[in-house]
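The report below takes up a few features of one chain, beginning with a single helix and moving on to charged pairs and a surface patch. Please keep the sequence and the structure in view while reading.

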Amino acid sequence: MVMYNVSSYNTGPFTLSGIPGLEQYHVWISIPFCFIYLVAILGNSILLYLIAVEHSLHSPMFFFLSMLAMTDLILSTTCVPKTLSIFWFGPQEISFPGCLTQLFFLHYSFVLDSAILLAMAFDRYVAICSPLRYTTILTPKAIVKIAVGISFRSFCVFVPCVFLVNRLPFCRTHIIAHTYCEHIGVARLACADISINIWYGFCVPIMTVIIDVILIAISYTLILCAVFRLPSRDARQKALSTCGSHVCVILMFYIPAFFSILAHRFGRNVPRTFHIMFANLYVIIPPALNPIVYGVKTKQIRDKAILLLFPK
């Protein structure tokens, strides 16, 4: 067995080269990317500000929504600034610790987003199916426990991947044909067996997210059954409107996420350029659209946002 001196291989920086095949269009691609990123920063910041200052928004649903906004800010800010620097100034170096930090926060944000959507589905289930017990079930103490629990679960799910990458020797190229560091893309540069990286990095996060999806689907099935039993048409419309924004966000999150993950694992016929372009859109489009969807579909946020932006 060949023994590697891991410390001697991990010290050098990596080079992020951007989107392969589209290098001559990087500057043009950066224009919509920069605009969408600014929308994401502004939209989520306004959402967090409104939830913080408006007492009427101090409820469990909006607390989980503020967690989603913060996670979206982490997700986009982890990747997009480095991506824009590549588009504007060419291939950029990133240190090995910086690469590990980026891939951790990227995947941690993904798993945490999924857990937050599950918590929001549970909140809607209690609010619609057991409205009289809502305040006794979702107490401040219970909400804090849920927030700490899903944050810790997300940390435990992905932190092993950081150690799995850290143990690898990198004795070949340090050029990453991508705009950011992600687990399998970095692991494939190693000159060692990465089977455990591939299977852990694919199976454990995916199974965690699939469990979330199943529980979310069960929650909304029970919610729909309860909604259509409501005697008042207005009550049904109000409940469906509230749940509609959640469903839109859930679809925007899971559909591109699963496509990107499955294409990376099984899509050998998917062009690499398309895959990397799609992966970049995934880290920027949902964070930009989430506050817009909630701003349009949720009356409390829409009214407060209008007062904030147009006080007269």
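## Helix α4 and its surroundings

In this predicted model, helix α4 is largely enclosed by the rest of the structure, because 26 of its 34 residues are buried. The helix covers residues 96-129, and at 1.5 Å a residue its 34 residues should span 50 Å, which agrees with the 49 Å that separates its end C-alpha atoms. At the N-terminal end of α4, Ser95 acts as a cap, with a side-chain oxygen 3.0 Å from the backbone nitrogen of Gly98.

## Annotated transmembrane regions

An unreviewed UniProt entry places the feature "transmembrane region" at several stretches, among them residues 62-84, 104-122, 143-165 and 198-227. Over residues 104-122 the model is 100% helix and 0% strand, and the end C-alpha atoms of that stretch lie 27 Å apart. Residues 62-84 are likewise 100% helix and 0% strand, with 31 Å between the end C-alpha atoms.

## Two salt bridges

How many salt bridges does a search of the whole structure find? The search finds two, and one of them joins the side chains of Asp123 and Arg124, with a distance of 2.8 Å from N to O. Both Asp123 and Arg124 are buried.

The other pair is Asp212 and Arg153, whose closest N and O atoms are 2.9 Å apart. This pair links distant parts of the chain, since Asp212 belongs to helix α8 and Arg153 to helix α6 (residues 140-166), with their positions 59 residues apart in the numbering. Are the two partners buried or partly exposed? Asp212 has a relative accessibility of 1% and therefore counts as buried, the cut-off being under 20%, whereas Arg153, at 26%, counts as partly exposed.

## A nonpolar patch on the surface

Which residues make the nonpolar surface patch of about 590 Å²? The patch is made by Met207, Ile210, Ile211, Ile214, Leu215, Ile218 and Leu222. Leu222 is placed in helix α8, which covers residues 195-227, and at 39% relative accessibility Leu222 counts as partly exposed. As background to the numbering of such a patch, an α-helix has 3.6 residues a turn, so residues three or four places apart point the same way.

Helix α8 thus holds Leu222 of the patch as well as Asp212 of the salt bridge with Arg153; Leu222 is partly exposed, while Asp212 is buried.

Terms used:
Residues numbered from 1 in each chain as written. Predicted model: local features only at pLDDT ≥ 70, side-chain atom pairs only at ≥ 80, totals over all residues. Heavy atoms only, no water. Patch = residues over 30% accessible without salt bridge, like charges linked within 9 Å, V, L, I, M, F, W, Y side chains within 5 Å. Areas by Shrake-Rupley, 256 points an atom, 1.4 Å probe, with all protein chains shown as cover. Salt bridge = Lys/Arg side-chain N within 4 Å of Asp/Glu carboxyl O. Helix = DSSP H or I, 4+ residues; strand = E, 2+ residues; numbered from the N terminus. Buried < 20%, exposed > 50% of the residue type's maximum accessible area, 1.4 Å probe, protein only. Expected span 1.5 Å × (residues − 1). Polar contact = N/O pair within 3.5 Å; in protein donor to acceptor, adjacent residues only side chain to side chain. UniProt positions renumbered as here; feature names shortened; annotations may be inferred.
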